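Hi everyone, thanks for coming. I'd like to walk you through a structure that is probably new to most of you, so please have a look at it with me.

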Amino acid sequence: MTLEFLNPSRSFDEVRKAIRFIGHDGMFEVPFFVEVEALARSSAGLRSMELSEEMYLSTFDYARGSIENVAREAYSHGRQTSYTLTAADFR
């Protein structure tokens, strides 16, 4: 099966300092987290700012297509219980 992102919902995880979103491989849900550090690095204007939850979510929404592509790549390397995407994954 292929990893798909059928549900557009996402949430901010304060403890992990990450945005949580879900992929689906058939009937299986696959949880992903993208670190806010990776989001801040993706936009030069955001690097020096103290960002709010709302700004992180907006940045995630703007970059969602590329984030999902990186998530698919991470998923293709083997199954895990969850995946955390870091700035290194976006290079």
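Before we start on the strands, one definition: two strands count as a pair if DSSP finds at least two bridges between them. Please also keep in mind that this is a predicted model.

Let's begin with strand 3, residues 18–25, and strand 4, residues 28–35. They run antiparallel, and eight bridges join them. To pick out one position, Ile19 has Val34 in strand 4 as its bridge partner. Two residues sit between the strands of this hairpin, and Gly26 there has a positive phi, near 65 degrees.

Now, which way does strand 5 run against strand 4? The two are parallel, with three bridges joining strand 4 to strand 5, residues 83–85. Here you can find Phe33 opposite Thr84 of strand 5.

While we are on strand 4, let me point out Glu29, which lies in it. Is Glu29 buried or exposed? Its relative accessibility is 58%, and the cut-off for exposed is over 50%, so Glu29 counts as exposed. Leaving aside residues up to four places away in sequence, Glu29 touches Ile22, Gly23 and His24. Leu3 is 26 residues from Glu29 in sequence, and their C-alpha atoms are 9.5 Å apart in space.

On to helix 3, residues 64–76. With 13 residues at 1.5 Å a residue, helix 3 should span 18 Å, and its end C-alpha atoms are indeed 18 Å apart, which agrees. Which residues of helix 3 are buried? They are Arg64, Ile67, Glu68, Val70, Ala71, Ala74 and Tyr75. These buried residues cover an arc of only 160 degrees around the axis, which puts them on the same side of helix 3. The general background is that an α-helix has 3.6 residues a turn, so residues three or four places apart point the same way. After helix 3 comes Gly78, with a positive phi near 135 degrees.

Finally, let's see what brings these pieces together. The largest nonpolar core has 23 residues, and Ile19, Phe21, Phe32, Val34 and Leu85 touch the most other members. At least two residues of this core come from each of strand 3, strand 4, helix 1 (36–42), helix 2 (53–62), helix 3 and strand 5. Which element gives the most to this core? That is helix 3, with five residues.

Thanks for listening, and I'm happy to go back to any part of it.

Definitions and conventions
Residues are numbered from 1 along each chain as its sequence is written. This is a predicted model: local features need pLDDT of at least 70, side-chain atom pairs count only at pLDDT 80 or more; totals for chains, interfaces and linings use all residues. Side-chain values use heavy atoms; hydrogens and water are left out. Helices (H or I, at least four residues) and strands (E, at least two) are DSSP runs, numbered from the N terminus. The expected span of a helix is 1.5 Å times one less than its number of residues. Buried means under 20% relative accessible area, exposed over 50%, partly exposed in between (1.4 Å probe, protein chains only). The arc is that of the directions from the helix axis to the C-beta atoms. Contact means heavy atoms within 4.5 Å. A nonpolar core is a set of buried Ala, Val, Leu, Ile, Met, Phe, Trp, Tyr and Cys residues joined through side-chain atoms within 4.5 Å.
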